[in-house]
Amino acid sequence: MSTSRFRSLLAICAAATLCACVDGSTISYVDSDVTATNSERLAADAVDYLATPLPPARTTLVMQPPRGDDPLTPILLEKLRTRGYGVVIGADAAQGEQGTPIRYLASPLGTGVVLRLEYHGTVASRFYARGQDGNLTPGSPFSVREGDPNEQR
């Protein structure tokens, strides 16, 4: 097996494993190792992915961003709103605002980063390999595990 095929297989296995890990929290998480440059890539890919299962202009997303500052959240919010999503965040989300609850996690895995999106009982994960220049490149397509849409996370 070639090295690139092995890495791709490893990335898919890692993303699938992370799909199975759910801690029940409704707050998003972004690791401190995720940079602003990384966040541009992650946010763009997240919005592109979400456009199919959650159409913009017809979907309001309800999200609790991570506690503290992180580079991903403001970029993700801007890209979601530009694409046509309504987004309710923070205290408004805690008051039961109508919409689709969504959670996002960006965390290191080996030398790369995993992005995980959770909505309607579905978990979509994607591994990004980090190049020598620090930039992220998708190492696999989104790995999707669909669950019960009524399931509370």
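The legends below describe close-up views of a predicted model.

**Figure 1. Strand β4 and the strands that pair with it.**
Strand β4, which covers residues 100-109, pairs in the parallel sense with strand β1 (residues 29-30) over two bridges, and within this pairing Val30 stands opposite Ala106. Strand β2, made of residues 60-63, also pairs with β4 in the parallel sense, here over three bridges, and Leu61 is the residue that stands opposite Thr100 of β4. With strand β5 (residues 112-119), by contrast, β4 pairs in the antiparallel sense, over eight bridges; one position to look for is Arg103, whose bridge partner in β5 is Glu118.

**Figure 2. The hairpin of β4 and β5, with a salt bridge in β5.**
Two residues lie between β4 and β5 in this hairpin, and Gly110, in the turn, has a positive phi of about 60 degrees. Further along the chain, the side chains of Arg116 and Glu118 meet in a salt bridge, with 2.9 Å from N to O. Both partners count as buried because their relative accessibility is under 20%: the value is 7% for Arg116 and 3% for Glu118. Glu118 is also the bridge partner of Arg103, so that this view can be read together with the strand pairing of β4 and β5.

**Figure 3. Helix α2 and its surroundings.**
Helix α2 runs over residues 36-50, and its 15 residues should span 21 Å at 1.5 Å a residue, which agrees with the 21 Å between its end C-alpha atoms. The buried residues of α2 are Asn38, Ser39, Leu42, Ala43, Asp45, Ala46, Val47, Tyr49 and Leu50. The elements that cover these buried residues include helix α3 (72-83) and the strands β4, β5, β6 (122-130), β7 (136-138) and β8 (143-145).

**Figure 4. Arg41, Asp45 and Arg126 in one salt-bridge network.**
The search of the whole structure finds six salt bridges, and two of them are shown here, centred on Asp45. In the one, the side chains of Arg41 and Asp45 meet at 3.2 Å, N to O; both residues belong to helix α2 and are four residues apart, about one turn of the helix. In the other, the side chains of Arg126 and Asp45 meet at 3.3 Å, N to O, and this pair links distant parts of the chain, with Arg126 in strand β6 and Asp45 in helix α2, 81 residues apart. Asp45 counts as buried at 12% relative accessibility, and Arg126 likewise counts as buried, at 16%, whereas Arg41, at 34%, counts as partly exposed. Through their shared partners, the salt bridges join Arg41, Asp45 and Arg126 into one network.

**Figure 5. The contacts of Arg126.**
Arg126 lies in strand β6, and its contacts, leaving aside neighbours within four places in sequence, are with Asp45, Val113, Val114, Leu115, Pro138, Ser140, Pro141 and Phe142. The contact with Asp45 includes a polar contact between the two side chains, at 3.3 Å. Ser140 is 14 residues from Arg126 in sequence, and the C-alpha atoms of the two residues are 6.3 Å apart in space.

**Figure 6. Helix α3 and the largest nonpolar core.**
The twelve residues of α3 should span 16 Å at 1.5 Å a residue, and the distance between the end C-alpha atoms, also 16 Å, agrees with this. Leu72, Thr73, Ile75, Leu76, Leu77 and Leu80 are the buried residues of α3, and they pack against β1, α2, β2, β3 (86-89) and β4. After the helix comes Gly84, with a positive phi near 115 degrees. The largest nonpolar core has 30 residues, of which Leu42, Leu50, Leu76 and Leu80 touch the most other members. At least two residues of this core come from each of α2, β2, α3, β4, β5 and β6, and α2 gives the most, with six residues. Not counting residues up to four places away in sequence, Leu76 touches Ala43, Ala46, Val47, Met63 and Tyr104.

Conventions: Residues are numbered from 1 along each chain as its sequence is written. This is a predicted model: local features need pLDDT of at least 70, side-chain atom pairs count only at pLDDT 80 or more; totals for chains, interfaces and linings use all residues. Side-chain values use heavy atoms; hydrogens and water are left out. Two strands pair if DSSP finds at least two bridges between them. The expected span of a helix is 1.5 Å times one less than its number of residues. Buried means under 20% relative accessible area, exposed over 50%, partly exposed in between (1.4 Å probe, protein chains only). Contact means heavy atoms within 4.5 Å. A polar contact is a pair of N or O atoms within 3.5 Å; within protein, one must be able to donate a hydrogen and the other to accept it, and residues adjacent in sequence count only if both atoms are side-chain atoms. A nonpolar core is a set of buried Ala, Val, Leu, Ile, Met, Phe, Trp, Tyr and Cys residues joined through side-chain atoms within 4.5 Å. A salt bridge is a side-chain nitrogen of Lys or Arg within 4 Å of a carboxyl oxygen of Asp or Glu.
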